[in-house]
Amino acid sequence: MKILAIDTATEACSVALLYDKNANQENANQENFDVIFDVCPQQHSQRILPMIDELLTKHGIKFAELDAIAYGRGPGSFTGVRIATGIVQGLALGADLPVIEVSTLAAMAQQNFMQHGYTSSKVLIDARMQEVYFGHFAVDTSAVELVVEEKQGEAVLSPEDALARFAELSHDDPLCGIAGTGWEAYEEVLQASQNASAVKVLYPSAEFMLPIAVQALKAGKTISVDDIAPVYLRDKVTWKKLPGR
């Protein structure tokens, strides 16, 4: 199975490649992956295509050899989500590949589980304008494939409303972690309710979209280029009019 995953939804920019090891390598039947990750605000449009090219060239894989392309469909920066959407549309159309949409919030929860052992995660990304992108995910440890599942619907909320949502959860779960820039951006509001460990995952990484993408591909949960739809959550942005306008 070969899957390319990209994410540009936050200040971070990342590309990950799932590929099969060469047949003459040890453990040839094991799947392997590689990733390029960089925190580069406002440079995503310049960085993403060279990162993709570097990763595919390194492993000698052509677009036509991929089984699917996955991308961080949001929520996140409006511009960042649009960049990923446009890149994926172009690549998938040119190579006639199916597309897998992955929540950027879910990717962070997946990383929280795989790197730090948290079976559930409270994820908050700073959405600016005194709001956060909210997500709550958990892993069913009895399942065959250990991939996070959404427990409460994603939303854009005030920090106070996010706390109210999290208040519905059990506070006795020792394996519940937090993730995302929202916890730091609104620390004064949020810290009083949080007795878990500090944030260890600030940004989504395409590497942790791969397990979610693999499960989706096996289940046939892919979409065509025509059905790609970025998720902004916030459908209105306010601004001040200039004097006399």
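Me: Which residues form one aromatic cluster in this structure?
Reply: In this predicted model, the cluster is made up of F134, F166 and W183, and the structure as a whole holds three aromatic pairs.

Me: Why is the pair of F134 and F166 called tilted?
Reply: The ring centres of F134 and F166 are 4.8 Å apart and their planes stand at 35°; since rings pair when their centres lie within 6.5 Å, and an angle that is neither under 30 degrees nor over 60 counts as tilted, the pair is therefore a tilted one.

Me: What makes this pair a tie between parts of the chain?
Reply: F134 belongs to strand β7 (residues 132-139), whereas F166 belongs to helix α4 (residues 159-166), so the pair ties together parts that are 32 residues apart in sequence. Both F134 and F166 are buried.

Me: What kind of aromatic pair do F78 and Y232 form?
Reply: With 4.9 Å from centre to centre and 35° between the planes, F78 and Y232 form a tilted pair. This pair links distant parts of the chain, as F78 lies in helix α2 and Y232 in the segment after α7, 154 residues apart.

Me: Why does F78 count as partly exposed?
Reply: The relative accessibility of F78 is 24%, and because buried means under 20% and exposed means over 50%, F78 falls in between and counts as partly exposed. Y232, with a relative accessible area of 24%, is partly exposed as well.

Me: How do you know whether Q110 is buried or exposed?
Reply: Q110, which lies in helix α3 (residues 104-116), has a relative accessible area of 0%; as the limit for buried is under 20%, Q110 is therefore buried. Leaving aside neighbours within four places in sequence, Q110 is in contact with L146, V147, V148, F208, P211 and I212.

Me: Which residues lie closest to the centre of the largest pocket, and how much space does that pocket hold?
Reply: The largest pocket holds about 450 Å³ of space, and of the 23 residues that line it, A9, T10, S77, F78 and R128 are the closest to its centre. Helix α2 gives the most to this lining, with four residues, and by class the lining has eight nonpolar, 11 polar and four charged residues.

Me: Where does pLDDT stay under 50?
Reply: It does so over residues 23-29, for which the model has five contacts beyond four places in sequence, and over residues 237-245, for which the model has three such contacts. Where pLDDT is low, the predicted coordinates should not be read in detail. The chain averages a pLDDT of 88, and 87% of the residues score at least 70.

Key:
Residues are numbered from 1 along each chain as its sequence is written. This is a predicted model: local features need pLDDT of at least 70, side-chain atom pairs count only at pLDDT 80 or more; totals for chains, interfaces and linings use all residues. Side-chain values use heavy atoms; hydrogens and water are left out. On a 1 Å grid over the protein atoms alone, a cavity is a set of points where a 1.4 Å probe fits but cannot get out, and a pocket is an open set with protein on both sides within 12 Å along at least five of seven lines; lining residues have an atom within 4 Å of a point. Grid points are joined across faces, edges and corners, and a volume is the space filled by probe spheres set on the points. Helices (H or I, at least four residues) and strands (E, at least two) are DSSP runs, numbered from the N terminus. Ala, Val, Leu, Ile, Met, Phe, Trp, Tyr, Cys and Pro count as nonpolar, Asp, Glu, Lys and Arg as charged, and the others, Gly among them, as polar. pLDDT is the predictor's confidence in each residue, from 0 to 100. Contact means heavy atoms within 4.5 Å. Buried means under 20% relative accessible area, exposed over 50%, partly exposed in between (1.4 Å probe, protein chains only). Rings of Phe, Tyr and Trp (its six-membered ring) pair if their centres lie within 6.5 Å; planes under 30 degrees apart count as stacked, over 60 as edge-to-face and the rest as tilted.
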